[in-house]
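Reader: I like to see labels argued from values. Could you walk me through this structure that way?

Author: Gladly, let us look at it together.

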Amino acid sequence: MLDDDEDGLPTRSLDEYWAMARRRRWYILLPVFACWAIACAGSWLVPSTFQSDALILVEQQKVPEKYVVSNVTVSLQDRLQSMTQQILSRTRLESTINRFRLYETRQGVPLIQTGDAVEQMRKDIKIDLVEAPDRPGELTAFKIRYSAGTPQLAQQVNSELTSLFIEENLQSQQQLSESTTAFLQSQLEDARTKLEEQEAKVRAFKANHFGNLPSQMESNVQILSGLQAQLQSAQHALDGANQQKLYLESLQQQYQSVQASLGNGNSTATSPDTLDKDLTDLRRQLQEARLRYTEDYPDVVQLKDKIAKMETLKRDINAEITANEKPAKTTNDVDPAAAVSVEHGSTSPMMQIQSQLKANNLEIQNYQQRQRQIESDITAYQARLNLTPETEQELADISRGYEESKTNYNSLLEKQNDSQLATNLEQRQQGEQFRILDPPSLPTRPSAPNHLLISLAGLVLGFAAGIGLTAFLEMTDVRVRQEKDLEDVVPIKVLIGMPHLDTPGEDRTRALFRRMEFGAVVLMAILVLVGNLYAFYKS
């Protein structure tokens with residue numbers, strides 16, 4: 001009985017499908033063999049192509065990066081893509097095509113004339129990137145594949161392509177490095193110009209404000225302190241000179257009084273006692289000064305000088321008094337020259353005192369002039385110190401631009417030196433380079449077409465065509481072959497079924513036909529097997 005599925009449609013068992021396959025076996029076998037034969041024959045009619053492979057290793061720079069840092073920051077994948085575009089340009093490919101006489105004809109028409117040769121060569125070139133096994137995403141090498149009609153031609157053209165990639169890498173690395181260095185050099189020149197302008201401004205400002213610069217503030221303070229000390233010393237020296245002047249004037253007055261008394265004949269007018277008293281006072285002052293100061297102290301030296309001059313004056317006065325107190329002689333015995341000398345007195349001490357007064361007056365004038373000069377210098381340095389904060393602010397504003405220019409210049413100078421080292425490294429071919437790890441191979445077997453794959457594809461396609469044809473025939477050929485088929489057509493049951501009775505002639509014919517079928521199937525199987533084995537051997 002027929003089994004119905006949930007939708008009410010009849011279902012068939014495996015035996016029924018096997019019966020269909022047996023009935024339509026030639027509708028399956030013939031398409032399978034025909035499709036295989038057509039695919040296999042067609043694959044051998046297609047011209048064979050041979051593929052040459054080359055492996056190029058990307059070597060890192062030989063000098064450690066801690067000493068020389070590369071100035072080419074473009075990744076290997078981007079550089080390789082750029083180089084591929086340049087090498088696969090029409091100009092370079094046409095040169096290679098003309099040199100090796102590639103793609104001369106296709107269907108009797110030269111491809112170089114139709115303009116399809118370049119596109120065809122681009123299709124025949126394949127570039128595969130190779131990643132590091134333990135570092136995904138990092139490229140360490142790449143493969144170049146080229147397909148041609150002969151093994152020798154494929155190898156020669158692939159060698160040409162490999163050389164182009166290596167040369168292009170060297171040129172591109174050097175160009176990128178040199179362009180980076182040239183750019184930094186131009187920027188460095190601009191920065192140097194700006195720095196020189198800022199330096200000129202700073203120099204001009206310092207020249208205009210020399211003396212009240214912040215860096216000179218400490219020296220100005222020290223100079224001002226020294227000037228103040230000099231002013232005190234000059235004031236002290238001026239006071240000493242004034243005292244000396246008073247002392248000399250007093251000596252002059254005393255000496256004049258002595259001369260006047262001698263001229264009047266009044267010996268009591270002399271004052272030796274007064275001189276002794278002055279000497280006693282001066283000696284007492286000297287002893288007190290020696291108790292407090294050293295022998296080189298100015299007060300001690302001045303007192304010593306006064307005592308010496310006072311003693312000299314006393315000796316001169318005593319000598320004159322002694323000369324005037326000699327016994328009077330007779331008029332005949334009087335020496336006229338001596339009388340004149342006694343009458344007028346000796347002028348040598350007086351002249352000494354006057355000369356000392358003149359020198360003292362000059363000394364006082366010098367001290368006063370020195371004091372005025374020091375006071376003027378003190379005023380000038382005080383003005384400088386007062387202007388220092390304002391000058392410091394102005395200098396800070398000017399120096400800010402100078403420091404920025406200097407920092408920028410030093411930074412660019414360092415980068416330019418590093419870039420120049422990297423450029424020298426590239427020029428000496430010590431940087432990142434391409435090295436041929438596996439030279440272009442000489443293929444021994446064609447890479448295309450794949451005869452075995454085409455043959456298997458023909459078998460699959462033929463089998464699918466046979467199954468489709470069988471299904472179509474079974475669906476369109478309505479026959480009653482079993483009891484259940486009749487029950488679907490006539491709503492009555494079959495009571496008796498008569499089997500087919502073969503005659504002896506039909507049995508012989510059927511047996512011969514089966515042997516012929518078996519032989520044909522064996523022959524087709526042998527042909528398919530031999531053809532696939534041959535395709536496998538040639539692949």
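Reader: How many salt bridges does a search of the whole structure find?

Author: The search finds 14 salt bridges. Please keep in mind that this is a predicted model.

Reader: Why is the pairing of R99 and E160 called a salt bridge?

Author: The cut-off is 4 Å between a side-chain nitrogen of Lys or Arg and a carboxyl oxygen of Asp or Glu. The N to O distance for R99 and E160 is 2.5 Å, so the pair is within that limit and earns the name. R99 sits in helix α4 and E160 in helix α7, so this bridge ties together parts 61 residues apart in sequence.

Reader: What makes R99 partly exposed?

Author: Its relative accessible area is 45%. The label covers values between the 20% limit for buried and the 50% limit for exposed, so R99 is partly exposed.

Reader: And what makes R90 and E119 a salt bridge?

Author: Their side chains meet at 4.0 Å, N to O, and the pair counts because the definition takes in atoms within 4 Å. R90 belongs to helix α4 and E119 to helix α6, so parts 29 residues apart in sequence are tied together. Both ends fall in the partly exposed class: R90 has 36% relative accessibility, and E119 has 35%.

Reader: Which residues are linked with R90 and E119 in a network of salt bridges?

Author: E94 and R122 join them, giving a network of R90, E94, E119 and R122.

Reader: Is R145 buried or exposed, and how do you know?

Author: R145 has a relative accessible area of 18%. Buried means under 20%, so R145 is buried. The side chain of R145 still meets that of D128 in a salt bridge, at 2.0 Å, N to O. R145 lies in strand β5 and D128 in strand β4 (residues 125-132), so the bridge ties together parts 17 residues apart in sequence. D128, at 32% relative accessibility, counts as partly exposed.

Reader: Why does charge matter in such pairs?

Author: Side chains of opposite charge can pair when their charged atoms come close.

Reader: Let us turn to the nonpolar side. Which residues touch the most other members of the largest nonpolar core?

Author: That core has 28 residues, and L102, M121, F142, Y146, L161 and F434 touch the most other members. Two or more residues come from each of β3 (50-59), α3 (76-87), α4 (90-100), α6 (117-124), β5 (135-148) and α7 (151-208). The largest share, six residues, is from α7.

Reader: What is Y146 in contact with, beyond its neighbours within four places in sequence?

Author: Its partners include F50, L102, M121, V157 and L161, and also polar ones such as Q51, D124 and N158.

Reader: Which residues does the second core include?

Author: This separate core has 18 residues, among them L275, L282, M310 and I353.

Reader: How do you know that T162 is buried?

Author: T162 has a relative accessible area of 1%, and the limit is under 20%, so T162 is buried. T162 lies in helix α7 and touches A54, I56, I144, I436 and P440, not counting residues up to four places away in sequence.

Reader: What makes the approach of N360 to A241 a polar contact?

Author: A polar atom of the N360 side chain lies 3.1 Å from the backbone oxygen of A241. The cut-off is 3.5 Å, so the distance fits. N360 lies in helix α12 (residues 348-427) and is buried, with a relative accessible area of 3%. Leaving aside neighbours within four places in sequence, N360 is in contact with A241, Q244, K245 and L248.

Reader: Why can V522 belong to a surface patch?

Author: Patch residues need over 30% relative accessible area, and V522 has 31%, so V522 passes that test. V522 lies in helix α15 (residues 504-538). Together with F518, I526 and V530, V522 forms a nonpolar patch with about 370 Å² of accessible area.

Reader: What share of the protein counts as buried?

Author: Of its 539 residues, 30% count as buried. The protein has 15 helices and six strands, and it exposes about 34900 Å², with carbon and sulfur atoms supplying 55%.

Technical notes. Residues are numbered from 1 along each chain as its sequence is written. This is a predicted model: local features need pLDDT of at least 70, side-chain atom pairs count only at pLDDT 80 or more; totals for chains, interfaces and linings use all residues. Side-chain values use heavy atoms; hydrogens and water are left out. A nonpolar core is a set of buried Ala, Val, Leu, Ile, Met, Phe, Trp, Tyr and Cys residues joined through side-chain atoms within 4.5 Å. Buried means under 20% relative accessible area, exposed over 50%, partly exposed in between (1.4 Å probe, protein chains only). Helices (H or I, at least four residues) and strands (E, at least two) are DSSP runs, numbered from the N terminus. Contact means heavy atoms within 4.5 Å. Patches are made of residues with over 30% relative accessible area and no salt bridge: like charges are joined within 9 Å, nonpolar side chains (Val, Leu, Ile, Met, Phe, Trp, Tyr) within 5 Å. Accessible areas come from the Shrake-Rupley method with a 1.4 Å probe; for residues, only the protein chains shown count as cover. A polar contact is a pair of N or O atoms within 3.5 Å; within protein, one must be able to donate a hydrogen and the other to accept it, and residues adjacent in sequence count only if both atoms are side-chain atoms.
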